[in-house]
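Work through the exercises below with the model open. Each task is followed by its solution.

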2 protein chains.
Amino acid sequence: MVPSQLVAYSGRPERFLHLHFATPVWRHNIAEIMPHPHTDPAVFQAVITFSRQMGMVPIPLNKEQSGYVLNALNVPFLLAALELLVDGVADYQLIDKTWMISKDAKCGPFGSIDLIGITTAYNITRNIAEQSKGSAARAAAYLKEHFIDTGKLGVDVGEGFYRYPNPAYMAPGFLT
Amino acid sequence: MVPSQLVAYSGRPERFLHLHFATPVWRHNIAEIMPHPHTDPAVFQAVITFSRQMGMVPIPLNKEQSGYVLNALNVPFLLAALELLVDGVADYQLIDKTWMISKDAKCGPFGSIDLIGITTAYNITRNIAEQSKGSAARAAAYLKEHFIDTGKLGVDVGEGFYRYPNPAYMAPGFLT
């Protein structure tokens with residue numbers, strides 16, 4: 001949802017905008033700030049300042065964008081990973097390993113999906129699948145069958161693709 | 001290109017497959033190994049072993065996949081970043097910062113594009129644009145106007161989105 005979808009309910013359109021955090025907020029301390037076309041620039045500025053005062057790094061967007069910056073990058077990335085898995089090109093650990101080694105990343109796409117939670121990943125893929133043809137429908141069906149229906153919903157419940165609190169991708173030797 | 005596009009020229013189809021490295025090879029030491037449907041499994045196995053002997057981490061694919069694993073993830077991810085930039089949602093440093101903080105990553109999408117080289121990024125977006133409608137055409141036009149035509153081709157020439165050898169995204173304080 002972007003601010004202009006909700007602003008009519010606010011009663012104070014010029015003082016309305018969105019402030020959005022990432023997970024976990026204390027480590028990934030970005031504060032994405034998205035105004036709508038009629039947000040007062042002084043209010044936008046005040047929220048940027050407020051974010052800094054909270055110890056966050058402000059990410060002020062110039063305009064409305066579905067998914068803000070982070071999820072506009074994350075969604076096509078995670079969908080591409082699910083596509084490789086569902087197509088049987090490689091298993092999830094091999095895909096994560098490829099990304100982690102090549103990007104010096106602490107976590108691969110399937111570790112990310114577990115952290116976000118399988119339910120959210122499923123809802124997003126299902127939503128995309130409803131709007132367009134393509135691989136999202138198969139990704140959604142895969143997540144439903146293997147994770148949603150079996151209760152393996154990610155980090156929060158102790159199991160998703162990986163088992164927590166000590167997922168295989170954090171084990172010594174995973175990247176070898 | 002996948003092996004089955006080239007195998008006819010090899011004269012030894014059952015001994016033919018692709019072995020593909022990442023950049024820079026000594027740090028991002030993956031070896032993606034892609035057989036075609038008629039590659040001898042013993043040859044596939046031998047190349048996996050050979051990759052380990054070279055100090056690489058083998059990434060054996062179960063089947064042919066355009067872009068292997070890494071670029072099948074990379075391309076939609078980088079295209080999404082270019083879309084945000086071209087749409088004017090945020091500037092390239094803000095987009096990189098968002099990704100780097102949220103993913104504990106050492107480099108964001110535009111740092112990656114510089115490393116890959118703008119020429120390659122441009123050729124890929126142009127190629128996708130020719131095959132489909134959508135944002136790739138605008139991304140290609142953007143790269144051509146601002147980088148290809150101005151000679152700012154990435155790390156190799158000392159300038160792309162960032163200037164090298166000390167790009168802004170590596171400076172202390174970038175993630176603040």
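**Domains and packing in a predicted model**

The C-alpha centres of domain 1 and domain 2 of chain A are 28 Å apart. This is a predicted model, in which local features need pLDDT of at least 70 and side-chain atom pairs count only at pLDDT 80 or more, while totals for chains, interfaces and linings use all residues. Residues are numbered from 1 along each chain as its sequence is written, and chains are lettered from A in the order in which they are written.

**Exercise 1.** Give the bounds of the two domains of chain A.

*Solution.* Domain 1 covers 3-60 and domain 2 covers 70-170; such bounds come from an automatic or database domain assignment.

**Exercise 2.** Describe how helix 3 and helix 5 of chain A pack.

*Solution.* Step 1: locate helix 3 at residues 70-86 and helix 5 at residues 109-116 of chain A (helices are DSSP runs of H or I, at least four residues; strands are runs of E, at least two).
Step 2: their axes lie 9 Å apart, at an angle of about 115° (lines fitted to C-alpha atoms over the stretch in contact; angles run from 0 to 180 degrees between N-to-C directions).
Step 3: A:Phe77, A:Leu78 and A:Ala81 of helix 3 meet A:Pro109, A:Phe110, A:Ser112 and A:Ile113 of helix 5 (contact: C-beta atoms, placed from the backbone, within 7 Å).

**Exercise 3.** How many residues of chain A are in contact with chain B, and which elements of chain A give two or more?

*Solution.* Step 1: 36 residues of chain A contact 36 residues of chain B.
Step 2: strand 3 (57-60), helix 3 and helix 4 (92-103) of chain A each give two or more residues to this side.
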